Amino acid sequence: MKRFAPVCNEGSTAGNALTAGEVLQDNELLNSINGRFQMGFFNTTGSNNRYLGIWINDLYRTVVWVANGDHPIINGTGMLYLSPDGTLFLRNSISQDVWSTGSQFSRGDPQACLMDSGHLVVNDTKTGKVLWQSSYQLSDTLLPHTPLGYMKLLDSMLEIQLSSWNITDVDPFPGQYFRKLDPFRRYELVTFRGSDVIYRTGPWDGNRWNGFPEMTQDLVRFVVSASESGAYYWYEPLDPSVLWRLVLKSNGTTYRYYKNDSGWVEYWKAPDESTPSYAACGPYGIYSDGSCKCCVEDLFHPKNGKDWKNRIFSGGCQRNVPLNDTDQGFVTGQIDEK
């Protein structure tokens, strides 16, 4: 499995890094060495709430990560402090902690830097150990070479997933939707609203998701890497000079964009207007040519014919002739394990 362990201290400069005891003030910025990304404090249109975030360094200042979406700094300024043990603390104007990375216990000299990948990384400069990275606590955006997946730990599971904003571009409080590589559906990207599935890509076939035939690899290479301990999905632009981003919007739709001289261009979205909602055709129903039908029309019929005439398909289909308990090799009742 590919390792996602960036080393922070190689090539670091005063403009892209904090060392132990240093503070990033509300009016200051960290800049990635390649100049593509900046980190600092911002507020959204029509709001005085302050957020610590990372954005693309261009005319649009497109935000790709937010630290404190659920704990904004209200009517004041903020500062980011790196402690000697490697913990980042986000504090308001009266020095109250509103967010932190949690204790990291650095044994050397910790450093926090903004990487060329667009992620904030804290590492121990003596051992090289990565103590924390923003790519393990994503917001609504997946940047290239960033893992989306899960890893089994000793007594828990680390899941890296996208979480929509409450209102895209307006309110970064975590919204209703999240998107992840589901450990219970083998190598399949799933979008949830709470606990309800609203969209699935279908399983990975080694080249693409089999439920997403329009997905091509002409501009972007898609990768799924798996082992007994977990699985990750990420993508790689074939032209590294082109900037891409994948965004889970507040309506549950995932968009992939690339940037050219005119701005951001929509490459695809899923689900789109032609895609039915998840399980829209109900039990034994399938979606075809803009409508629903029973999976085998000689054996099944709509459970509620009136609803189907009104294009209400959620009730699904039922068999023309009910199965007996032992028909076709199916047995109901308890299994006696010997």
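In which sense do strand β8 and strand β9 pair, and over how many bridges? In this predicted model, β8 (residues 88-92) and β9 (residues 97-100) pair in the antiparallel sense, with three bridges between them. One of the residue pairs involved is arginine 91 with its bridge partner aspartate 97 in β9. Four residues lie between the two strands of this hairpin, and in it serine 95 adopts a positive phi near 65 degrees.

The hairpin belongs to a chain whose secondary structure amounts to 28 strands and one helix. Of the 338 residues in the chain, 44% are buried. Contacts were also sorted by sequence separation: taking those between residues at least 6 apart in sequence, 41% link residues at least 24 apart. As for the surface, the chain exposes about 17,900 Å², and 48% of this area is supplied by carbon and sulfur atoms.

A look at the interior follows. Rolling a probe the size of a water molecule over the atoms reveals where empty space remains. One cavity of 30 Å³ or more is found in the structure, and the volume of the largest cavity is about 50 Å³. What lines the largest cavity? By class, its lining comprises seven nonpolar residues, two charged residues and one polar residue. The aromatic names in the lining include Trp209, Phe212, Phe222, Tyr233 and Trp268, while Leu189 and Leu246 also take part. Arg179, Arg256 and Thr201 complete the list of lining residues.

Terms used:
Residues numbered from 1 in each chain as written. Predicted model: local features only at pLDDT ≥ 70, side-chain atom pairs only at ≥ 80, totals over all residues. Heavy atoms only, no water. Buried < 20%, exposed > 50% of the residue type's maximum accessible area, 1.4 Å probe, protein only. Contact = heavy atoms within 4.5 Å. Areas by Shrake-Rupley, 256 points an atom, 1.4 Å probe, with all protein chains shown as cover. 1 Å grid on protein atoms, 1.4 Å probe; cavity = no way out; pocket = protein on both sides within 12 Å on 5 of 7 lines; lining within 4 Å. Points joined across faces, edges and corners; volume = space filled by probe spheres on them. Nonpolar A, V, L, I, M, F, W, Y, C, P; charged D, E, K, R; others polar. Pairing = 2+ DSSP bridges.
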